[in-house]
Amino acid sequence: MKMTPALLIIGGLLVFWSAVYVSVILPWETMPDDKSAAWMKWTPDEAAGHDLYIRNGCSYCHSQFVRAVDWADAGAGRLAERGDYYEQEPAILGTERVGPDLSQEGGEHSDDWQRAHFINPRNTRPMSLMPSWEFLGDEKIRQLTAYVRSLGGKTAAYRVARQDKWHAAATAAWKLGVDKNVDWLHEQVPAVWRPMPNPYPATEAALQRGEKTYQTFCIGCHGPMGDGQGPAMHYLEPPPLNFTVLRRHLVDGKYIGGIFYYQVMNGITGTGMPYFKRELESEKIWDVSNYIEVRFLGYTDATLSPQGIPAAYEPAWENTFKPPSATGESK
Amino acid sequence: MLKFASKPQSAALAFLVAGSAWFLIGTLYGLVAALHLMAPELYNNISWLNFGRMRPIHVNTVLFGFVATTLVGCAIYYVPALLRTRLWSERLGWFSWLCWNAAVLSGPTVFPFGLQQNREYTEYLYPFKVLIMLAILTLIVNLTLTIAGRKEKTLYVSVWYAVGALIWTAGVYPIGNVMWRPQTQALPGLVDSILLWFYGHNMVGLLLTPLAIGIAYFVLPRVTRAPLYSHRLSLVGFWALVATYTQIGGHHILQAPIPNWLRTVTVVGSIMMILPVFVVLANLWLTTRGRGMKLWGDPAGRFVLAGTMWYLLVCLQGPLQSLPSVQAVTHFTNWVIGHSHIAVLGFAGFIALGGMWHMLPLVCGRKLYSARLVNLQFGLLLFGLVGFFAVLTTAGLIQGHAWATGETVYVVLPSLNVYMALRAMLGLFIIAGAAVGLYNVVMTLRHGEPLEPAALEAEPLDAARAGEVSP
Ligand code: HEM
Ligand code: HEM
């Protein structure tokens with residue numbers, strides 16, 4: 001075969017355009033253009049937020065589809081469907097996850113968490129690689145937050161409504177004052193969890209592990225002293241809990257471990273306090289609870305009774321801490 | 001007026017010089033992005049240094065600015081040279097240059113304001129997309145009329161690739177940018193991703209790849225003074241490339257809810273890509289067989305040789321990472337960023353540089369200012385890039401395996417820090433390589449010793465064309 005200009009150009013175009021037919025036109029023609037059950041129309045604010053998402057290149061770090069292999073991050077379990085992207089123009093699926101997938105982000109966090117996070121992600125996520133968006137100004141951050149609330153369509157709307165409901169309740173409790181707020185918080189924890197001690201010994205090694213977890217996850221809100229004065233406090237309502245006040249709120253004068261575990265695992269929906277059950281497995285939660293108890297309450301209920309058979313690896317350790325008095329003074 | 005613009009080969013020269021400048025600028029923006037991922041508080045909350053705005057500047061500037069510009073510069077030199085004629089119109093070539101570089105310039109000047117399209121590789125704003133189309137179309141006109149006025153009857157294989165690259169890109173570009181919808185330059189719904197990744201994939205596959213292969217076919221036989229091994233293999237490689245490469249854009253969105261038949265086509269096609277790749281590599285390497293030292297000893301030849309080796313590596317990695325079971329781990333991670341860098345810099349970039357160092361003397365009529373600086377650049381780039389590949393692949397596997405065992409993205413971030421730091425550091429070598437290259441180009445133009453006119457004309461092309469007569 002000899003290559004002539006005609007063969008080159010006409011042949012080249014023929015092969016190319018038949019490939020276009022198979023890879024572009026055929027899927028375009030045959031893919032149904034329909035809504036999924038979860039699809040919802042954007043409000044003008046949400047559309048404006050999507051526009052900001054596009055123009056600021058959020059998609060270089062965030063994908064917007066959940067795959068069968070995804071496991072730990074938000075939305076795992078609900079596979080992306082074609083109809084989720086109905087009318088979105090452009091729907092940016094993304095090719096990289098520097099940060100987590102956002103397709104089901106709506107209702108994962110309270111709005112004040114989102115605002116604190118957009119202003120500086122290190123506020124709420126100390127190790128984050130996301131840039132700050134404070135320069136966008138309040139109005140645009142509000143639009144971005146509206147957009148993020150919408151991610152996940154109707155599945156998200158359900159979560160968002162839950163956030164809003166509990167946000168109202170938590171804010172009302174917070175307005176009653178520090179102690180009434182703690183009482184309210186503890187009333188929400190199921191009764192079986194309340195009189196429960198931390199089952200793990202608070203050894204030096206355990207406290208160090210707890211400290212590492214605290215610094216990676218909690219410090220931006222609860223602060224280095226555990227007094228709730230982390231940088232995120234300016235943006236959160238109710239503000240991050242000051243752990244030191246818990247000295248006067250021990251259950252039966254001695255227990256707090258069970259409440260810590262429950263709150264950290266589950267988060268306090270409606271407030272900035274996120275759930276951590278996907279990131280922290282049980283030992284890490286008990287360790288960080290011990291850390292908070294020892295460092296900020298000056299007391300731990302670790303290994304108090306009721307206690308079952310100690311775990312095989314536990315070293316010999318004796319709890320010498322004395323519970324503080326009901327007014328919060330150390331005995 | 002504008003006399004410089006009708007000087008023979010001045011358009012090709014303009015492309016080569018611009019490419020070298022974009023190389024330095026584009027990699028500097030890569031450093032800005034890399035430093036953010038290493039230390040996000042370093043220049044936090046500064047809108048015009050924000051990662052989401054810097055990354056597309058980096059990607060578009062290196063891709064369209066450095067690699068594609070240099071490749072086109074080489075092509076508009078070698079096409080007329082192989083056909084023993086002149087470019088049909090130097091002025092039109094300059095017009096293409098102007099449109100093309102204005103579009104590339106819009107990256108650093110427009111994106112920092114938060115004005116961009118955000119579909120990967122289609123970020124330029126609409127008017128600049130029109131300029132790119134204009135550049136492509138005028139280049140097609142220019143090359144077609146050059147071919148029409150040729151004095152040499154046979155079309156050498158490099159010419160096929162140059163023409164192919166342009167006529168295919170003239171189709172790929174408007175499809176991928178949905179240019180018939182100027183408001184959003186996108187289609188509504190999921191189907192947009194299919195167009196986007198048809199485009200994203202073919203931007204490297206039908207623009208960079210054929211232009212780079214065209215240069216390899218030109219430089220390797222000339223440097224080794226060997227006839228092309230086989231005309232038949234050239235044909236197979238050429239037609240197989242356009243027939244296969246076009247089908248596999250879907251492997252970028254393999255895990256998204258696209259139709260199953262498309263997934264199958266894509267994965268099968270990706271594996272079939274081994275055919276065009278190996279046919280071309282076999283043809284090139286058999287051509288240079290027994291003359292490896294000669295190739296290695298030539299600074300430009302060394303670049304092209306290394307580029308073909310990167311091509312092999314890229315195209316072994318590519319089919320591997322199109323397999324669903326592999327992608328379950330590698331997709332979304334830095335592994336893919338590693339692939340991009342060895343592909344675009346290692347394969348297309350190395351060959352573009354080899355082509356430039358080989359052709360620059362022929363284009364400007366001066367000897368290279370310094371062959372040692374070319375070798376220095378080679379060393380710097382090779383070190384930086386091998387490091388990039390190792391570091392990013394490692395980081396990608398750490399991410400992928402941690403996610404696959406149920407860790408969240410956030411939990412894995414601290415383990416990546418050291419790799420992000422290493423990547424930024426290794427980037428300095430690549431940037432140094434770009435700076436050395438630009439310096440060498442400028443010094444060649446200003447102080448290079450003039451070449452004998454005879455060396456410019458007859459001698460250089462015979463070796464390459466000798467291949468036409470073998471099987
Ligand atoms: C000419 C040389 C280079 C070329 C051709 C090149 C090409 C590319 C391409 C195509 C991408 C997009 C990757 C993807 O989306 O999969 C990219 C991303 C990137 N490149 Fe480069 N690059 C070069 C040099 C550099 C240098 C010197 C640095 C750093 C100092 C760098 C840092 C980056 C970073 C940080 C990203 C973004 C990665 C991410 O989003 O995680 N690049 N580059
Ligand atoms: C045999 C040939 C090749 C195959 C089968 C192949 C396959 C792939 C696959 C499957 C991906 C997507 C990975 C993922 O997102 O999980 C990818 C990405 C990429 N490939 Fe290749 N590749 C090949 C050759 C090349 C060549 C020659 C180049 C450049 C000249 C190249 C440049 C890129 C770039 C830049 C990306 C990143 C796209 C993005 O996400 O931004 N590839 N390739």
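**A walk around ligand 2**

Start by selecting the iron atom of ligand 2: a single donor from the protein reaches it, NE2 of His339(B), 2.2 Å away. Keep in mind as you look around that this is a predicted model.

Now click on His339(B) itself. You'll find it in helix H13 of chain B, which covers residues 334–364. The iron isn't the end of the story for this side chain: a polar side-chain atom of His339(B) also lies 2.9 Å from a nitrogen atom of ligand 2.

Next, zoom out a little and show the residues around the ligand. Which of them come nearest to ligand 2? Out of 26, they are Glu120(B), Tyr121(B), Tyr245(B), His331(B) and His339(B).

Pick two of those and look at their side chains. In Tyr121(B), an N or O atom of the side chain is 2.7 Å from an oxygen atom of ligand 2. For Glu120(B), the distance from a side-chain N or O atom to an oxygen atom of the ligand is 2.9 Å.

Time to switch on the cartoon for chain B. Three helices there each give two or more residues to the shell around ligand 2: H6 (191–224), H11 (299–322) and H13. Select H11(B) and linger, as this helix gives the most to the shell, with seven residues.

Then color the shell by residue type. You should get 13 nonpolar residues, twelve polar ones and one charged.

For the last stop, color by chain and ask where ligand 2 lies. The ligand sits between chains A and B.

How values were computed:
Residues are numbered from 1 along each chain as its sequence is written. Chains are lettered from A and ligands numbered from 1 in the order in which they are written. This is a predicted model: local features need pLDDT of at least 70, side-chain atom pairs count only at pLDDT 80 or more; totals for chains, interfaces and linings use all residues. Side-chain values use heavy atoms; hydrogens and water are left out. Donors are N, O and S atoms within 2.8 Å of the metal (3.2 Å for Na, K and Ca); water is not among the atoms, so sites may look incomplete. Helices (H or I, at least four residues) and strands (E, at least two) are DSSP runs, numbered from the N terminus. A residue is near a molecule or strand if one of its heavy atoms lies within 4 Å of it. A polar contact is a pair of N or O atoms within 3.5 Å; within protein, one must be able to donate a hydrogen and the other to accept it, and residues adjacent in sequence count only if both atoms are side-chain atoms. Ala, Val, Leu, Ile, Met, Phe, Trp, Tyr, Cys and Pro count as nonpolar, Asp, Glu, Lys and Arg as charged, and the others, Gly among them, as polar.
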